[in-house]
Amino acid sequence: MDYGSTRFVLDPKGASRSDYAFVSHAHIDHMHKPTRNEKVIASKETADLAKARGYDLGMTTDQVEGVELLDSGHILGSRAIRIADEVYYTGDASGRERAFLGKCKTRRARILIMETTYGSPEYVFPQTAKLVRDVNRLIGSAFDRGRPVVLMGYPLGKAQLLAYFFSSWEPLFYHSSVAAMNKVHADYGVCLKGGREFDPAEGADSLPGGPWVMVSPMLSNRSHLTAQLKAKHGALLVAFSGWAVRGGYSRSLGADYSFPLSDHCDYPELVKLVEAVSPEVVYTTHGFAAEFARDLRRIGFSARTLSAYQSSLFDYSKGD
Ligand SMILES: [Zn+2]
């Protein structure tokens, strides 16, 4: 989008020509290689997390005149961006506080561009405290039977929440991809309990007999490691994702259990976010973008989908 004579691109996919590229957070699908003369707007946490994952965002800044970065609550360092009082773009956003993460901060803007991953009414996530209780009960019963438990979620963000919520269980293992992200969290004062690092290259043979807990990325049910964890250790695989609201999610993953712990807004939180920003126009993107835009129109907002993600970001200001 153009603001004055300055061109911004927001979470660009691929190369872009702009003055500023905004990178909302350090999940891999948001990584960006800046072109010459392009500056990257990102939080320091995002730049450091990216570096730890092997991506160089170049020189980043979190201070640009007329631009406000707001915590979007999705993962460590995730930001929403507000350009003057014209545009507010959420990036990936969470609508609730979880452990060391806050919820998405909002400000009024004329145009709201929002992610709508779970923008369908059946996506209502349970209270986090209740979910944590349920999972602790499950781990407890597994431990009673001497069985280890593998807690699976994205290695950046979800895994640190799992480490925070379930660190009272011993022994505690961290898959090495999770351990690398834990280190960056520690640099920013989020000190998670220490645990033993598990290098998947060494295979499940390197793990002791159960019970134990491991925080791990999602493991494919077709992987050799999963087969070993099940056959040799009788491990229970537990997946964490907002998609777990849907029946059959565990089965589709090959997990034994799944719980809807999400780093995104659920449906009521998305509606609340729109009301808080109180925009003239809403653009929806990702997930149930069309359905959510339709629902917003029903309650009186002007809303439509941002179908061609990046190019539309250039075009919308002309159209409206
Ligand atoms: Zn994300």
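**Exercise 1.** Work out whether His27 is buried or exposed, then place this residue in the zinc site.

*Solution.* Start with the number: His27 has a relative accessible area of 10%. Buried means under 20%, exposed over 50%, and partly exposed in between, using a 1.4 Å probe and protein chains only. So His27 is buried, and His74, at 1%, is buried too.

A word on the source: this is a predicted model, where local features need pLDDT of at least 70, side-chain atom pairs count only at pLDDT 80 or more, and totals for chains, interfaces and linings use all residues. Residues are numbered from 1 along each chain as its sequence is written, and side-chain values use heavy atoms, leaving out hydrogens and water.

Next, look at the metal. The zinc ion's protein donors are His25 (NE2), His27 (ND1), His74 (NE2) and Asp92 (OD), 2.2 to 2.4 Å away. Donors are N, O and S atoms within 2.8 Å of the metal (3.2 Å for Na, K and Ca); water is not among the atoms, so sites may look incomplete. Along the chain, their spacing reads H-x1-H-x46-H-x17-D.

**Exercise 2.** Find which strands sit at the edges of the six-strand sheet.

*Solution.* First, write the order of this open, mixed sheet: E6-E7-E8-E9-E16-E17. Strands (E, at least two residues) and helices (H or I, at least four) are DSSP runs, numbered from the N terminus. Two strands pair if DSSP finds at least two bridges between them. Then pick those pairing on one side only: E6 and E17.

Finally, check a neighbour: E16 (residues 281-285) pairs with E17 (residues 302-305) in parallel over four bridges, with Val281 opposite Ser302.
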